[in-house]
Amino acid sequence: MPKFSIRESKRAKRVSLNMSVRDGLVVVVPHGFDHRKIPNILKQKQSWIENARRRIKQQRNLIETKPAATPPEKIHLQAISKEYLVEYKPLITHWVEATENGNNIILVSGAISKHNLCKAVLQKWVRHKAKKHLLPWLKEISEETALPFSRSTVRNQRSRWGSCSKQKNISINQKLLFFPEHLVRYIFIHELCHTVHLNHSAAFWALVGQKEPNFKQYKKEIRTASQYIPVWSND
Ligand SMILES: [Zn+2]
């Protein structure tokens with residue numbers, strides 16, 4: 001029997017399995033579910049578990065063997081078709097700052113030998129770009145799909161691309177700027193559909209399909225979408 005933990009969820013209607021680098025195998029069960037039934041379910045899902053375990057192992061290896069990234073020389077924000085050159089200028093200071101000029105050049109100046117400071121300041125720049133470009137874009141798609149939301153915010157999480165709360169507040173990951181446009185659109189539609197269905201039920205997917213007929217293909221692409229994220233933006 002594989003190692004696992006159990007999470008009871010009031011919202012879950014049936015048993016589902018989750019596997020992540022952080023939590024390992026988690027069996028999500030509806031409230032009051034008979035835990036004695038779990039071993040049988042795990043037996044049925046054995047091949048899924050093995051596959052997921054293999055995937056997690058690869059991810060873990062990647063994380064552990066990846067050297068700290070150096071600050072970038074170029075930044076490609078694929079979602080909005082923009083490319084920037086990053087120039088570094090040393091100054092005798094303790095801080096680092098980034099300024100963008102009109103010609104798609106970002107000037108990072110200050111204590112540039114401190115790579116962590118450079119990466120942090122560039123991540124902040126990405127956040128600023130995300131607020132400027134992603135939030136209005138989300139609003140546009142909300143209007144186009146007639147799926148209103150309450151508030152929207154930008155976050156910088158490692159691998160959660162978006163979320164939607166019961167209050168219909170949507171948060172989106174600033175790193176979506178590195179994705180191809182169609183995947184950003186898909187994430188937006190996905191989160192907007194959560195304003196109607198706060199789960200991944202059949203009704204939810206039916207609504208997603210209504211708004212984005214290609215969603216099955218995009219859903220698959222999202223699984224490997226972290227490939228678009230430059231390492232420096234995660235450090
Ligand atoms: Zn979802």
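Four strands make up an open sheet here, in the order β4-β5-β7-β6 and with mixed pairing. At the edges stand β4 and β6 (96–100), each with a single partner strand, so one side of each has no neighbour in the sheet. From one strand to the next, the twist averages 25 degrees. Keep in mind that this is a predicted model.

Now for the pairings that involve β5. Strands of a sheet pair through backbone hydrogen bonds, and they can do so parallel or antiparallel. Here is how β5 links up on each side:

| Strand pair | Direction | Bridges |
|---|---|---|
| β4 (residues 74–77) and β5 (residues 82–90) | antiparallel | 4 bridges |
| β5 and β7 (residues 105–110) | parallel | 6 bridges |

On the β4 side, H76 has E83 of β5 as its bridge partner. β4 and β5 form a hairpin with 4 residues between the strands, and S81 in that hairpin takes a positive phi near 50 degrees.

Over on the β7 side, two residue pairs help you find your way along the parallel match. L85 has I105 in β7 as its bridge partner, while P90 stands opposite G110 in β7.

What lies across β4, β6 and β7? That would be helix α3 (residues 115–145), which runs at about 35 degrees to β6. Among the strands α3 lies across are β4 and β6, the two that stand at the edges of the sheet.

One last thing for when you look along these strands: in a regular strand, side chains alternate between the two faces of the sheet.

Definitions and conventions
Residues are numbered from 1 along each chain as its sequence is written. This is a predicted model: local features need pLDDT of at least 70, side-chain atom pairs count only at pLDDT 80 or more; totals for chains, interfaces and linings use all residues. Two strands pair if DSSP finds at least two bridges between them. Axes are lines fitted to C-alpha atoms, for helices over the stretch in contact, and angles run from 0 to 180 degrees between N-to-C directions. Two residues are in contact if their C-beta atoms, placed from the backbone, lie within 7 Å.
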